[in-house]
Structures are given as structure tokens and as C-alpha cells.
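Trainee: I'd like to go through this one with you by question and answer. Can we get the ground rules out of the way once the picture is up?

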Amino acid sequence: MTRVLVVEDDPQLVRALVLSLRARRYGVDPAPDGVTALRLAAARRPDVVGMGHRFGT
Amino acid sequence: MARGKLRIHLGAAPGVGKTYAMLSEGHRRLERGTDCVVAFVEHHDRPRTEVMLHGLEQIPRRELEYRGSTFSEMDVHAVLDRAPAVALVDELAHTNIPGSRNTKRWQDVEELLAAGIDVVSTVNIQHLESLGDVVESITGVRQRETVPDEVVRRADQIELVDMPPQALRRRMAHGNIYKPDKVDAALSNYFRPGNLTALRELALLWVADRVDAYLTEYRSEHRVSRIWGSRERIVVGLTGGPEGRTLIRRAARLAEKGAGGEVLAVHIARSDGLTSASPKELAVQRTLVEDLGGTFHHVIGDDIPSALLDFARGVNATQIVLGVSRRKGWQYVFGPGVGATVARESGPDLDVHLITHGEAGKGRGLPAARGARLGRSRIVCGWLTGVVGPVLLTLLLTHIDADLGLANDMLLFLTLTVAAALFGGLLPALASAAFGSLLLNYYFTPPLHRLTIADSKNLVALVVFFAVAVSVASVVDLAARRTHQAARLRAESEILSFLAGSVLRGETSLEALLERMRETFGMESVALLERENEVAPWTCAGSAGSAGRRPVPRPEDADVDMPVSDHMALALSGRVLPASDRRILAAFAAQAAVVLDRQRLRSEADQAKELAEGNRIRTALLAAVSHDLRTPLAGIKASVSSLRSGDVEWSEEDRAELLAAIEEGADRLDHLVGNLLDMSRLHTGTVTSTIREAGLDEVIPMALSGVPEGSVELDIPETLPMVDVDKGLLERSVANVVENAVKYSPQDTPVLVSASAIADRVEVRVVDRGPGVPDEAKARIFEPFQRHGDSPRGAGVGLGLAVARGFAEAMGGSLTAEDTPGGGLTMVLGLRASR
């Protein structure tokens, strides 16, 4: 299964992305901030990273 | 039995540490082996105070039932039975519960003192009976618990427990004085820096007054006659002329500089009643002095300087304020003037201020340029000396019949000629020389009563007399003229250097410069006029005038018209200036134009800065709005695309969730656009408010619909007065503030929304326990597009607080930020209570 790491702080957008990616049988890991994203990237070894711009941390 | 001693710790406000100071003293006395007990101490749950109670013996309190509640009071019986050497009794102004032994605690304390027990107590300055009105005017709160001044005044020792307002507010912010839920409108109003400063000053002055009283006592006991200036006491000497008002205001300003300055105005009248004072003017000045908080005194005395100094020493004055003399130059022949005499005689204890005023040397202006012409009086004087003098001298010399000899006769005539030159210049001196030589010839050289001269020696003497008289007269005249020119040039150069200096340093405002011009030339009014072009009407760019004098509207109407440039002119009224003064006036005029230019440039620079700031805000808006619009749009887009794609079979649950995400995104967009519209309405000034009476308990719950349930705790008493507000604006304002507070508050701590009334205002306090905002950033959070620190979850464009404040102000309210005691931010929405 292809794993996608979604880095985004807006909860509504994350929800929509997670739902539609899961419906297409991707494994999705949402991360609301940079620190979580780095931790998940190390632990889950995603195949694709989708990231919004303008991040604080 | 000897009466006990009373020692009072006096504080300016709650929380300065009176009780703590009293308890420390208790510990000190105990260590020294004194039998010291706590008769009554209230620690108000302040931990540091509570710790101080350890190790001190506490007399159990007396429990009393009143209207179904239990109260505890000091048990006076128990303290008297225990009979310690020293008793600590907190809050001297406390009112006991009905049914107690005495109505007031200070009466309890009196009993202890009467029983020979020393008492250490505490009291706050606002509880002193005589200060009730003052304190109410400062804080807006009427103190119900008071203690008679006499009780505190009689204390053997008073110690001031002092703390700067900033430090006190810090203690307040740290929650060291009150818990956050205790802080309401009244309390927070009480702890404003202005209030605290005023109360502190009151306390300091009250104590200073006590010190003053001790000082007076000491001085009279020890016959000290020198002045001990413990604070500024300023005596203003008034003549009854209109300049007195200026002097009084000036003295009041001097008095304000030091704490507790006092102004005493004094008018000295001659015992013969011969005075130029106008009773009407004096009455006006009396009112003015009294309005400014000073006192007015009449003193009878023929020697004005010494009467003034006696009065000043009598009242322990530290400064004397006098106007510079209104006398004209020749009047100084009669003496040096009151100001100079007072200054010379005042001695080291008194400072003398000579104040210039609009009436100073009025009408004299610069020393007049005198070519050959002297003043009329001097010319008359010169001719009298030169013509009548020799006649009188001749009569005198022929009458007394004493033969002085021709040489002495000639010397006497020569003296008259020199005097005539001094008074009236060259011409009377020449006349005097000629006339004198004729008289000498006719009456004193043989043959007498003939214009012939027998002895050729006498002829030589007469010719020499005439020559000497003429040369002396011309030298004297020249010297007098040079002296005068020098004085005038000195005055001119002083004025020019003032002008050059003050204008270059840019410290003079146009009005001040014009006023200086008016004073220098002794004019009634001065105006700087300008116009767009030759046909446009003149407008006034700045003016100065003595009271009641309107500036001249057109140069044509002025007594003196000094063109500055094609479209600018100075118009002066009051008198016609001699041509020689116009040179200096031209310099003034040029400087006035420079000052005006400088003022305009400065205001343009300020405007440009404002515009640049506006641009910065607009740029920030664009960046922030594009980000904040895009995020919910992206969510909506993603959800809609997912729903529309045919390749996935959505479960009912997923479908509902995607639809919910779309709705939420749309709501956020709506909210954001609403705030943007409000902001632009506020900026263009098109927000109109319909002020009606409304109840907060009705409006505030409506404002809470946008935040999750349970995130806000409401505390709005039913007894709250109605407020004058626009319901719609208030709802939006409160909603934005609450939304912001919820956003920053920790998840499990609800935001407290409370309301309370103080004087004619009602305050809504929105208290969060979030990270708070440092003082320097408190003003900034109300600017549009500012977010403090990293934005947490769901942060939007920083418009909410800007809109909330704009709306609050649109209906005559206010919105400010304070620290929550113990950490966090408290937003205070001030509203007008209905009448």
C-alpha cells in the first residue's frame, strides 16, 4: 500500500484529503505541524509527502 | 496605669504590605523578648502573609451570628484578660458586626490602649474620614469604613508602607493580592496606575503634613527663625494690575512641580489707601487663586518690599514670584524697584522669580532710535536749565551780594551749560553758553550793566568760557547719544540671537514666536497672514495678542504691515513703529515664515508616515487575506472534488463528513468576509449605531453562539444596570472578543465572562488563562492583521479584535487589555450605563 504523509494545519482540509485518499486505498498519516511530520516521516517511511506552504514550526 | 502606645502602619492601597510589615514588627518585638500577641489579623489567603503568622501567639476570635451568617471579630475581652505588652490589630477602620462590644474597631483599640497595652495596627489612606471626598473623586468609590483622622493623628508613631504603583500592579498581575475571579470592574478600576499614583501621593502628603506639624512645633519650641522648607510654598506678589493673572498661573505651575506645593497670593496695600490697584481686578485674581487651590491675602504696609518679605517669612515661603516692573526707565531715578529690592533682601532661604508678562514696560518696545531728538520732557528740561537757569543764577548772585570773583561766577555758569547738555543735548547747551556769556558780560564784568568790557583779560576769559562751554556740551551730547545707540544695539543683538538660536533649534512654535514679537515691540496683537495669490483673501496662519485683542484680518487694517513674501505678510496692531524698529521686525518676519514652513513640513512628514503605515497594513491585509481565504477554499474544493469523483463509492458517514467540512469552510469564509466588510465600514466611518437601552444578560448569551458549549462560564449579576448600546454592534464585539479568548485559552479551562458596574459605567470582563500578552504588545493586538505569537488552531486573519474595538468605540464604549491575575489576558469592554 502506498503511504502518504499529509502535512497541513487546517483541520477541514486535512479531513477532506484523508477521506478521499483513504477511499482510494492509500495509507494516510496526517500531521498538523512540522515536528509531528518529521517524526511520522521517520517512523512510517511514506512514499509521498503532501505539504501546505507557510508553516511556522 | 500609663496609656499604651499606638503605632500605625499607613498604606496607600490594599496589597502594599501593611499587614506583612506589622507582622514582621511583631516578630522583631518577640525576638527582643517583648510579650507580643496577634489580637486580629486578616491574611486574605495571601500565602506570604499567612507564613508570617507562624510563631506568633494568636488570641482566638469571637464568633458572631448576624443575619444567618457567622462572622469573626476581635475578642476584646480575651485580649484584655491575656494582657500582653503589645497587641497586633489589623484594619483599624473596620466596622464591627452589630452586637459587638463597640461599633468600630478603633474603639476596641482605644480600650486596649487605655488598659496600658501597646497596639500596632494598620490602616489604608482611603479610610481616613477627612479624605473621603478626595478618595471618592479619585477612585469613584465611596468608602464606608472610615476612621476619624484624630485617632490616627494621635498615634505615637506612623509608619508609611510605600510601594510604587508599577510594583503594586505587578503584584496584582501575579495574583498575589486577589484571585482572578475576585477582580471586577470596581477593583480593576481601583488599581489603575493613575489611581494608585494619586492615592500614593495622598498618603505621602498626609504623612508629610504630619512631619510639617512636628517641624512647626519643633521650630516654635526651639525658637528657630530660619525657614525650613519641607515643601514648596510660593508667595505671589500682586499689584492689582492685569499681569497678576499671569503671575498666579505661573506660580501654580511652579507649585505643581514639587509634590504638595502651595500658592499664597498677597496684595500689599498702602496704609494711606493711595494705590493704583483695581478692586475689580483683585477680585478676579482672588477667584483665580482660589480656583487653583491657593489662598489670597491682603497686607497693609508702606514699604512694599519689606512687607512682602515679612509676609513670605511669616508663612515659611520658599519662593517669591513677582512681575517685572511696569515702570518706565526714568522712574528708576526714585529707587531700584520692588523686584530688585526683594531679590536683594530675600536672603538665602527664598528664591525670587521675576516673571515677564504682557504688561511689562508696555508701549516702550525697543529703546527708541534718537537722532538729535530726545524725549520731549528732556528737551524741555534742557531748555529750562539752559535759559531759565542762567537767569535764576544771575538773580541769586546779584542778590546775595557776595563777591565770588569772576572765575567762580564763570564756573557756575559753565556747570549750568553742562547740565543743559546732559538734559537737552547740544542746542540748549549752545543757547546756555551764549546766554550765559551775555549775562556774565552784562552783570559781572566791569563796566557793569553794559555790554562793553573794560578789561581785555575779562574779554579773553569770556571767550574761553564760551569755547569751553561749547566743547563740553558737544562731548557730553555725543557721549549720551553713543550710550543710547549702544543700548539699542545690545537690545537688537539680543533679540536677533534669540531668534537665530530658537528657530535653528526648531523649538519655537509659531505662536510663541509671534507672542515674543508682540512683547518685544509692545504691540497689542500680531498676526501672520497669507494668501494663495494676489486676489485671494488673506488667511491667518498664526497670531498672538493680549487678552481680548483679536488679530488684524488684513494687512491694510494693521498699524504696521510688514511684507514677508509676495503672499505672506505680518500685521501688527497697537501703535505705529518707528522706521528703525522695522529692521528687527523684518528679521522676525523672516523667521516667522521659516517657522511656519517648518511646522508645515513636519505635519506633511507625519502624514506621509501615516500613509506609509496604511500601505504597510494594506500589504499585510493582502498577504493575510489571500492565505486565510485560500485555506477554507482548498478544504471546500477538496471535499467537493472527492464527492463528485465517480470512481469511489462513498459511505453515508464519509459523505456526511465531507459535506460538514464544506459547510464549515463556507462558514469560515462568510465570517472572514463579514469581518473584512466591518473593517472597511469602520475605516470609512460608515458604521452607524442605534443606541438603545439593553440588558447585558440578554445580549451576551447571544454572542456566545459561535464558540463550543462549555468553553465559556458566564457571571452576569441580575442587579446590573441596563446599558446604552447598539445591540448588534455589542453582540459582534463580544463575540469576537470571546472567540479570541477561547482560541488562546487552554482546552480544559473555560473563559470567564463577568460583568460589573462602577459609577456610570458597566464593564464586561472576558478573562482567559492563556499565555497572556506582554504589556508592550497590548496596544498592537487591536491593530488589524496582528496576531500575537504563533497562531494556534483555527487562527484567522487578525481582524477580530480590531473590529471589536471599533464597534465598542462606535457606541461610546472602550475595549482594553489587562493581565489576568496569575497569568492570561483579560479583555475589558467598558459600556455606558443607562440613566
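Mentor: Sure, and here's the one we'll lean on most: buried means under 20% relative accessible area, exposed means over 50%, and partly exposed is in between (1.4 Å probe, protein chains only). This is a predicted model, where local features need pLDDT of at least 70, side-chain atom pairs count only at pLDDT 80 or more, and totals for chains, interfaces and linings use all residues. Residues are numbered from 1 along each chain as its sequence is written, chains are lettered from A and ligands numbered from 1 in the order in which they are written, and side-chain values use heavy atoms, with hydrogens and water left out.

Trainee: What relative accessible area does B:R600 have?

Mentor: Start from its partner: B:E530 makes a salt bridge with B:R600 (a side-chain nitrogen of Lys or Arg within 4 Å of a carboxyl oxygen of Asp or Glu), with the closest N and O atoms 2.5 Å apart. B:E530 sits in strand β14 (residues 525-530) of chain B and B:R600 in helix α19 (residues 579-644) of chain B, so the pair ties together parts that are 70 residues apart in sequence; elements here are DSSP runs numbered from the N terminus, helices being H or I with at least four residues and strands E with at least two. At 17%, B:E530 is buried. B:R600 is partly exposed, at 36%.

Trainee: Which residues are linked with B:R7 in a network of salt bridges?

Mentor: Look at helix α1 (residues 18-31) of chain B, where B:E25 and B:R29 are 4 residues apart, which means about one helical turn separates them. The two form a salt bridge, closest N and O atoms 2.9 Å apart, and both B:E25 and B:R29 are buried. The network that includes B:R7 takes in B:E25, B:R29 and B:E159.

Trainee: Moving to chain A, in what order do the elements run from the N terminus on?

Mentor: Chain A has 2 helices and 3 strands. Of its 57 residues, 42% count as buried. Contact means heavy atoms within 4.5 Å, and residues 24 or more positions apart account for 62% of the chain A contacts with a separation of 6 or more. The order of elements is β-α-β-α-β.

Trainee: What area is buried between chain A and chain B?

Mentor: The size of an interface is often given as the accessible area lost when the parts come together. Buried area is that loss for two parts (1.4 Å probe), summed over both. The contact takes 13 residues from chain A and 20 residues from chain B. Carbon and sulfur atoms give 57% of the buried area, which comes to about 1,400 Å².

Trainee: How many salt bridges does the rule find across the interface of chain A and chain B?

Mentor: A:R15 forms a salt bridge with B:E664, closest N and O atoms 3.7 Å apart. A:R15 lies in helix α1 (residues 11-23) of chain A and B:E664 in helix α20 (residues 652-684) of chain B, so the pair joins two chains. The side chains of A:R15 and B:E657 also meet in a salt bridge, at 3.9 Å, N to O. Across this interface, the count is 2.

Trainee: Which helix gives the most to the nonpolar patch?

Mentor: Patches are made of residues with over 30% relative accessible area and no salt bridge, joining like charges within 9 Å and nonpolar side chains (Val, Leu, Ile, Met, Phe, Trp, Tyr) within 5 Å. The nonpolar one covers about 770 Å² and includes B:W383, B:L395 and B:L427, with areas from the Shrake-Rupley method, a 1.4 Å probe and, for residues, only the protein chains shown as cover. B:L395 is partly exposed at 46%. With 8 residues, the top contributor is chain B's helix α14.

Trainee: Which residue stands opposite B:E63?

Mentor: Strands pair if DSSP finds at least two bridges between them. Strand β4 (residues 62-66) and strand β5 (residues 69-73) of chain B run antiparallel, joined by 5 bridges. In that hairpin, with 2 residues between the strands, B:R67 takes a positive phi near 50°. Opposite B:E63, in β5(B), stands B:S72.
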